[in-house]
Amino acid sequence: MQLKTFSAASSAAVLAQIKAELGPDAVILDSREEDGLIHMTAALERDPVVRQQSSFVAAKEKNPDTAEPPARPSAKAPMASPSSEERPGKKKTAGKNAADGSAADFSGLSLTPAHRLWEEEWGSIKSYLFALMKPGMRLDLLSPRQRLALEYLERQGVENEVLLQLHTGLQAAPSESILNLLSGLLPVHAWGESNWKQRIQIITGPFGVGKTSVAIRMALFLRRARQECRICLINADATRGNGRLLLRHYCELSDFAYKEAATTLELIAALSAAERGNYDRILIDWPGLPKGAHLPQALADAGLLERGGNSAEDAAIHLVLPPQYANVELRAIVERYHSPHAGSLIWTKLDEAQQYGQLANIGALTGRPVSALSYGPGLGNSFAPAKKNSLWHLLFKQELPNSAL
């Protein structure tokens, strides 16, 4: 992180200096007047290489003939930290539009050790800043219902930056419902054939979060909604015995096509065969990533994502997460499993959680819609497409949704 203090006779002059040197993404951390001058301390979260590239883009737009491209770094430059990006507090939808399941570009694909250290330092600075700002959150200016809602969300594990967004929104519009503000943080795009029109549906996430069970539940829901729906399940995690036997067993019982792929080449072959089979939906149970791996490269190796970074139009990725994970773990998972495909979040093992604040934290971080809620050990009556009311009941009443199956 870059920190620098600027001084001038007026605030406008100082802001002009900051914008000229650090760019429009600089954050004002401190402002004071001393000896007739205005002093402002500003910080820049982004990597200098990324800022240089942004400056080149702006110059190129102004004068395409004279702008010179920036020197390329020796190593891959990471993107901005998720914590520095715009949050969806103002009804921000996921990507193009939450209604079409598009993805928000919320994090970099990889971070160097130096940037991880920077992330930790910036996280510490943010915690101190929020500690200083919290007394300034005039809860007494809110209605009793709004104040109680914020206090309850804090006890549920909702992060300070999310609470600050909600508080700011309530102050700007005193009559606004906190549920309307939460809707901007927790977009919903319910699981179903009509909402998710992509032919290929990839279920991914870390090992042990229940991806295989979720894949079966999603397929069963599609079949119950439309009996003639032709479904193919591809087990790309065929090296794990229990999940393999479970998936094959339910495919036989439910008349789903079943294919296995223990290697990338086998996955490419299985996917090609499934596409030739003219199935309505192809569900892929994607294996968890090994340490240090990132999803875009794995998708590219399987032919599901061009190496240039363009997303496949006929594929959607659903990231399965349990709310019991600590925030630092969930942020690391979100970073590693980010891709530009359309997709959603599926919250699983909800019956094992004590609080559900992570739904708001990760929703604000990613901007991705929630498509389904999964809970319970069985495969029947344990899966429901996401609805706003279901999320509110989880957050405020700790009530699991009534299953639609």
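In this predicted model, Cys232 is buried, its relative accessible area being 0%. The cysteine sulfur nearest to that of Cys232 belongs to Cys251 and lies 7.8 Å away, and Cys232 takes part in no disulfide. Because a disulfide is counted when two cysteine sulfur atoms lie within 2.5 Å, a separation of that kind falls outside the rule, and the count for the protein comes to zero disulfides. Cys229 also counts as buried, at a relative accessibility of 1%.

The protein contains 405 residues, of which 48% are buried, and its secondary structure consists of 13 helices and 11 strands. The accessible surface comes to about 19,700 Å², and carbon and sulfur atoms account for 52% of that area. When contacts between residues at least 6 apart in sequence are considered, 72% of them join residues that are at least 24 apart.

In soluble globular proteins, nonpolar side chains tend to be buried together. The largest nonpolar core of the present model has 61 residues, and the members that touch the most others are Leu166, Ile234, Ile284, Trp286 and Trp347. Helix H12, which spans residues 357–366, supplies the largest share of this core, with five residues. A second core of 26 residues is separate from it and includes Trp196, Met218, Ala219 and Leu283. Helix H12 also holds Asn361, a residue that is buried, with a relative accessible area of 3%. Beyond the residues up to four places away in sequence, Asn361 touches Gly157, Val158, Glu159, Val162 and Asn327.

The surroundings of Ile234 lead to helix H9. Apart from neighbours within four places in sequence, Ile234 is in contact with Lys259, Leu267, Ala270, Leu271, Ala274, Ile282, Leu283, Ile284 and Asp285. Of these contacts, Leu267, Ala270, Leu271 and Ala274 are the buried residues of H9. These residues cover an arc of only 100 degrees around the axis, and therefore they lie on the same side of H9. They pack against strand E4 (200–204), strand E5 (231–235), strand E6 (257–260) and strand E7 (281–285), whereas the face turned away from the buried side carries the exposed residues Leu265 and Arg276. Helix H9 itself runs over residues 264–276, and its 13 residues reach 18 Å from the first C-alpha to the last, close to the 18 Å expected at 1.5 Å a residue.

Just after H9, Asn278 takes a positive phi of about 60 degrees. Most residues other than glycine have a negative phi, and Asn278 shows its positive value although it is not a glycine. Asn278 is located in the loop between H9 and E7, where it counts as exposed at 57% relative accessibility. Lys349, which is likewise not a glycine, has a positive phi of about 55 degrees. The loop that holds Lys349 lies between strand E9 (342–347) and H12, and at 28% relative accessibility this residue counts as partly exposed.

Helix H4 (residues 144–155) has 12 residues and reaches 17 Å between its first and last C-alpha atoms, close to the 16 Å expected at 1.5 Å a residue. Its buried residues are Gln146, Ala149, Leu150, Tyr152 and Leu153, and because they cover an arc of only 165 degrees around the axis, they are placed on the same side of H4. The packing partners of these buried residues are helix H5 (160–172), helix H6 (178–185) and helix H13 (388–397). On the face turned away from the buried side, H4 carries the exposed residues Pro144, Leu148 and Arg155. Gly157, just after H4, takes a positive phi of about 95 degrees, and Gly157 is also among the residues touched by Asn361.

Towards the start of the chain, Ala8 lies in strand E1, which covers residues 2–8. Ala8 counts as buried at 10% relative accessibility, and, with neighbours within four places in sequence left aside, it is in contact with Ala13, Val14, Gln17, Leu37 and Ile38. The C-alpha atoms of Ala8 and His39 are separated by 6.9 Å, although the two residues are 31 residues apart along the chain.

Methods: Residues numbered from 1 in each chain as written. Predicted model: local features only at pLDDT ≥ 70, side-chain atom pairs only at ≥ 80, totals over all residues. Heavy atoms only, no water. Core = buried A, V, L, I, M, F, W, Y, C linked by side-chain atoms within 4.5 Å. Buried < 20%, exposed > 50% of the residue type's maximum accessible area, 1.4 Å probe, protein only. Helix = DSSP H or I, 4+ residues; strand = E, 2+ residues; numbered from the N terminus. Contact = heavy atoms within 4.5 Å. Expected span 1.5 Å × (residues − 1). Arc of directions from axis to C-beta. Areas by Shrake-Rupley, 256 points an atom, 1.4 Å probe, with all protein chains shown as cover.
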